[in-house]
Amino acid sequence: MPRHLVVGNGKFLINLDRYGYMRDLYYPYVGQLNHICGYHCRIGVWVDGSFSWLNGPGWDIRLSYAEDSLVTELAAAHAGLGITLLINDGVHQRENIFLKRIRIVSRSGTAREVRVFFNQDFVINETEVGDTAAYYPALNTVFHYKRDSYFMVNGSAGSEGIYQYTTGVKRFRHAEGTWRDAEDGHLMGNAIAQGSVDSTVSLRLFIPPEGEQTAYYWLTAGKTLEEVKKLDGYVRDSGPGKLLDRVKIYWQRWANKEERSYADLPQSVVRLFKQSLLIVRTQTDAGGAIIAANDSDIMNSNRDHYSYMWPRDGALIAYAMTTAGYNEMVAPFFNFCANVLSPEGYLQHKFNPDGTVGSSWHPYIQNGHMQLPIQEDETALVLFALWQDYKLHGSLEKAQSLYRSLIRRAARFMTNYIEQDLDLPKPSYDLWEERYGIFTFTASAVYGGLMAAANFASLFGDDERSGRYRRAAEQIKAGILKHLYDEELGRFVRGLYKDNGAWIRDTTLESSVYGIFEFGVLPADDPRVVRTMEANRIGLAVGTAVGGLARYKNDYYFQRSSDIDNIPGNPWIICTLWIAEWEIAAAKTIADLESPRRTLEWVVRHALESGILPEQLDPFDGSPLSVAPLTWSHATYVLAVTKYAQKYKQLAAAGEPSKDKARLSFDAK
């Protein structure tokens with residue numbers, strides 16, 4: 001199940017599903033460790049002797065966020081119980097505090113007692129071994145702990161705190177968990193449990209006829225009992241409602257910190273743009289790791305997850321965010337990369353949020369030959385993104401601090417890692433982590449990375465190095481144009497593989513060849529780029545009502561159809577937006593922006609109800625596939641919207657006709 005709502009602050013991240021249940025809790029890093037691991041922290045309601053969990057029958061649930069904010073808005077109505085729950089969730093912008101407000105509206109003509117139950121199904125440090133759940137009578141709270149991870153639960157309803165509580169064993173010797181104890185409306189009050197354990201607490205409210213009351217639930221995280229007690233005291237002293245309101249205002253200020261024009265884009269596109277900024281923020285750790293995705297349900301199919309920092313994803317996300325004006329947010333990313341760069345000057349496949357190397361399926365030896373288990377585009381794109389950041393924001397001090405530790409070391413590796421017979425980068429794995437060879441995307445990224453290094457060297461008066469890096473970049477460009485462009489097909493190919501000493505072209509239609517114009521090898525309106533992108537726009541189009549574009553022809557990942565000619569693969573948000581980016585870059589008139597504008601509206605239509613963007617869509621019903629949210633999807637949308645607005649402004653300033661006249665012209669075609 002995708003994560004329909006996410007809230008966080010760079011240290012503390014919580015994912016909620018469509019029922020408002022906590023499904024993932026990451027602390028002390030975004031993406032590491034997950035203390036819920038996809039289990040269900042249920043919410044239930046007891047009214048007039050009847051009980052229902054929010055994922056039970058009879059509930060009509062609507063999900064969204066407060067406008068321009070990381071505070072959720074969930075409305076859950078139950079006709080049979082005659083109540084509606086209006087729920088807001090948020091994580092404090094600075095402290096490790098999760099806050100929940102529940103406004104309970106009764107449609108009954110009589111006074112009622114309502115009890116709300118909250119289940120905590122924690123898996124501390126990602127294992128159920130050795131957890132403790134205990135009642136803390138001095139504060140009337142429940143806390144869970146193991147080693148240096150503590151979580152304290154509290155709540156209030158009017159002047160009352162927690163009404164009832166219990167702790168117990170779960171998923172062991174037929175014990176399902178304490179959530180079962182709640183279903184009669186009462187909790188047994190067991191004060192402590194050890195091992196594989198959970199807890200449940202309740203709040204009690206008395207609601208007048210046709211009236212409403214508000215309850216609050218909060219959860220604090222820390223390294224010691226004293227730390228979570230202190231945070232709990234902060235919530236009680238400040239008032240959970242006031243804190244939640246301040247969280248909402250903070251993120252609204254953050255999402256609107258830049259003065260910008262949105263050209264002729266509709267409000268729905270603008271709203272998703274701001275929400276995407278916020279979603280990317282939740283997936284970015286304060287230490288610099290930009291995490292690919294934190295939807296732990298991918299574990300069900302893969303026995304691994306996306307909670308890693310891929311330098312490629314991170315660099316392209318940093319590029320998008322700095323282009324949108326959020327350079328301060330992504331500054332730690334570049335320091336992270338400098339710190340984890342290998343002595344040889346390349347970045348590994350992926351990293352954990354704490355900077356340790358992540359899991360990998362890239363071997364050091366294949367077919368009896370040693371190889372580097374890397375994707376070279378990941379190293380190159382970090383330099384490309386850093387130069388884009390400098391061009392836009394001019395932080396000379398940041399660039400200088402990274403010149404020796406990151407820029408020069410990475411550039412030295414790239415200038416040496418060249419297949420001299422081809423004037424192309426030596427083989428490495430492609431951006432999809434599936435193939436080993438020389439790829440158009442990778443070669444384009446290396447060109448962009450080396451040009452960035454040359455520009456930095458020139459900036460600092462290091463002319464000898466600047467010349468060396470620039471010559472290597474031009475060498476790569478020449479190799480791309482000679483070996484990766486197919487004159488007969490009239491387009492760039494995916495890449496080259498070595499077979500029995502000979503280099504063989506892979507002519508599979510491949511969306512990532514957009515890197516040719518994105519990273520500066522050729523302009524977007526170069527005829528070779530135009531033919532390439534037109535071939536992709538036609539050949540990778542998904543021929544169902546869902547639409548969108550596939551990654552490449554016959555994409556096997558989560559494949560839903562064998563009708564390859566009609567459905568070359570599942571539609572991907574990022575790949576569809578790459579075509580839009582090319583159309584924006586190549587646009588000569590405002591009328592030319594109509595197609596990318598429609599693509600941005602397509603993305604809005606295929607977001608989840610809450611505005612979350614997945615990695616892929618089912619080609620038949622448009623439902624999310626793989627992980628949601630995917631940070632890369634949201635960042636690519638941010639970049640496309642930003643580029644659209646900039647290009648519209650540029651064309652308008654050049655004397656292009658008004659948008660209404662432009663549309664008339666477009667319709668006439």
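Trainee: Which residues of H12 are buried?

Mentor: In H12, the buried residues (under 20% relative accessible area with a 1.4 Å probe and protein chains only; exposed is over 50%, partly exposed in between) are Val529, Thr532, Met533, Asn536 and Gly539. This is a predicted model, in which local features need pLDDT of at least 70 and side-chain atom pairs count only at pLDDT 80 or more, while totals for chains, interfaces and linings use all residues. Residues are numbered from 1 along each chain as its sequence is written, and side-chain values use heavy atoms, with hydrogens and water left out.

Trainee: Why are the buried residues of H12 said to line one face of the helix?

Mentor: Seen down the axis of H12, the directions from that axis to the C-beta atoms of its buried residues fall within an arc of 140 degrees, so these residues line one face. Strand E26 (491–492), H11 and H13 are among the elements that cover them.

Trainee: What makes the span of H12 agree with that expected of a helix (a DSSP run of H or I, at least four residues)?

Mentor: The expected span is 1.5 Å times one less than the number of residues, and for the 13 residues of H12 (residues 527–539) this gives 18 Å; the end C-alpha atoms are 18 Å apart, so the two agree.

Trainee: Why does Arg491 count as buried?

Mentor: Arg491, which lies in strand E26 (strands are DSSP runs of E, at least two residues), has 11% relative accessibility and therefore counts as buried. Leaving aside neighbours within four places in sequence, its contacts (heavy atoms within 4.5 Å) include Arg531, Thr532 and Ala535. The C-alpha atoms of Arg491 and Glu534, 43 residues apart along the chain, are separated by 9.2 Å.

Trainee: Why does His634 in helix H15 count as buried?

Mentor: His634 has 0% relative accessibility, so it counts as buried. Not counting residues up to four places away in sequence, His634 touches Ser276, Ile279, Val280, Gly611, Ile612, Leu613 and Pro629.

Trainee: Which residues of H14 are buried?

Mentor: In H14, they are Glu594, Ser595, Pro596, Arg597, Thr599, Leu600, Trp602 and Val603. Helix H14 (residues 594–605) has 12 residues and reaches 17 Å from its first C-alpha to its last, close to the 16 Å expected.
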